[in-house]
Amino acid sequence: RMGKFELANHGVLFLDEIGDMPLYLQAKLLRVLQERTITRIGSNNQIKVDIRVIAATNKDLLRAIRENKFREDLYYRLNVIPLKIPPLRERPEDIDDLTALMIRRYSDRFQKRVRRVDADVMKTLRRYAWPGNVRELNNLVERVSLLLHQGVPEKEAFQAFYNEWQ
C-alpha cells in the first residue's frame with residue numbers, strides 16, 4: 001500500500017505541526033529527506049521519491065532544539081525557505097478577507113447564500129484576540145453558517161459568541 005511520501009512523489013507534502021513530531025519519527029523523516037528514498041512497511045525494497053516538503057508549526061523550534069525535543073539537523077534540512085506568518089491577532093486586516101472566503105465556502109457547502117457580514121459583526125471579529133488563530137475563525141464561521149442555514153438571523157447567530165468575547 002502506498003504511503004503519504006510515495007503518494008506525494010513528484011509533488012509537495014505538507015507536514016503540519018512538525019514541532020510535535022516525536023524524536024524517533026524525526027530521525028526517519030530526516031533519512032527520507034536526505035536519501036530521497038522510502039521503504040514500505042514490511043518491505044526491503046527502497047523506492048526513490050522526489051518530493052518538496054512544506055512544514056508548519058506554532059512551536060519555537062530553536063527552543064525545542066535547546067530542550068532536546070527537536071533535531072537540529074532536521075531543523076536545518078527543513079528551514080530552506082522560512083516563512084513566518086504572524087498569528088491572526090497581529091493581522092486584523094486579514095479578518096475581512098478570510099471571513100468572506102470562509103462564508104463562500106460554507107454557503108456553497110450548506111446551499112445557503114450569505115451576501116455579507118454585518119458591519120458591527122465585522123468590528124467585533126476584528127477586535128477579538130483569536131487565541132485559536134485562523135482555525136478558530138473558521139470554526140466560528142462554520143457554526144454561524146449552520147445556524148443561518150437553520151434560519152437564525154445573522155446577528156442572533158453571532159450573539160452567543162459576542163457574549164463569550166465581551
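Colleague: What radius of gyration does the protein chain have, set against a compact globule of 166 residues?
Modeller: This is a predicted model, in which local features need pLDDT of at least 70 and side-chain atom pairs count only at pLDDT 80 or more, while totals for chains, interfaces and linings use all residues. Residues are numbered from 1 along each chain as its sequence is written, and side-chain values use heavy atoms, with hydrogens and water left out. The radius is taken over C-alpha atoms, and the globule rule is 2.2 Å times the number of residues to the power 0.38. A compact globule of 166 residues would come out near 15 Å, but the protein chain has 21 Å.

Colleague: Which pattern does the protein chain follow along the sequence?
Modeller: Helices (H or I, at least four residues) and strands (E, at least two) are DSSP runs, numbered from the N terminus. There are eight helices and four strands in the protein chain. Read along the sequence, the pattern is α-β-α-β-β-β-α-α-α-α-α-α.

Colleague: What share of the contacts with a separation of 6 or more joins residues 24 or more positions apart?
Modeller: A contact means heavy atoms within 4.5 Å. Among the contacts of the protein chain with a separation of 6 or more, the share for residues 24 or more positions apart is 68%.

Colleague: How much of the protein chain is buried?
Modeller: A residue is buried under 20% relative accessible area, exposed over 50% and partly exposed in between (1.4 Å probe, protein chains only). Of the 166 residues in the protein chain, the buried ones make up 33%.

Colleague: Which helix supplies the largest share of the largest nonpolar core?
Modeller: A nonpolar core is a set of buried Ala, Val, Leu, Ile, Met, Phe, Trp, Tyr and Cys residues joined through side-chain atoms within 4.5 Å. The largest one has 20 residues, and Leu125, Trp130 and Leu137 touch the most other members. Helices H5 (95–110), H6 (119–127), H7 (133–149) and H8 (154–165) each supply at least two residues of this core. The largest share is six residues, and the helix they come from is H5.

Colleague: How many residues are in the second, separate core?
Modeller: Ile18, Leu33, Leu61 and Phe70 are among its members. The second core is separate from the core just described, and its number of residues is 19.

Colleague: Which residues is Thr99 in contact with, leaving aside its neighbours within four places in sequence?
Modeller: Thr99 is in helix H5. At 2% relative accessibility, Thr99 counts as buried. With the neighbours within four places set aside, its contacts are Val117, Met122, Leu125, Leu137 and Val141.

Colleague: What is the angle between the planes of Tyr75 and Tyr76?
Modeller: Rings of Phe, Tyr and Trp (its six-membered ring) pair if their centres lie within 6.5 Å; planes under 30 degrees apart count as stacked, over 60 as edge-to-face and the rest as tilted. The structure holds three aromatic pairs. Tyr75 and Tyr76 form one of them, edge-to-face at 5.0 Å centre to centre, with the planes at 80°.

Colleague: Is Tyr76 buried or exposed?
Modeller: Its partner Tyr75 is buried, with a relative accessible area of 15%. The relative accessible area of Tyr76 is 52%, so Tyr76 is exposed.

Colleague: What is the relative accessible area of Trp130?
Modeller: Tyr128 and Trp130 form an edge-to-face pair, 4.6 Å centre to centre with 85° between the planes. Tyr128 is buried, with a relative accessible area of 18%. Trp130 is buried too, and its value is 0%.

Colleague: Which ring does the charged end of Arg105 sit over?
Modeller: A charge sits over a ring if NZ of Lys or CZ of Arg is within 6 Å of the ring centre and within 35 degrees of the ring normal. The charged end of Arg105 is 5.9 Å from the centre of the ring in question, that of Tyr106.

Colleague: What is the phi of His10?
Modeller: Most residues other than glycine have a negative phi. His10 lies in the loop between helix H1 (4–7) and strand S1 (11–15), and counts as exposed at 65% relative accessibility. His10 is not a glycine, yet its phi is positive, about 65°.

Colleague: Where does Glu17 lie?
Modeller: Glu17 has a positive phi near 55° and is also a residue other than glycine. At 24% relative accessibility, Glu17 counts as partly exposed. Its place is the loop between S1 and helix H2 (23–35).
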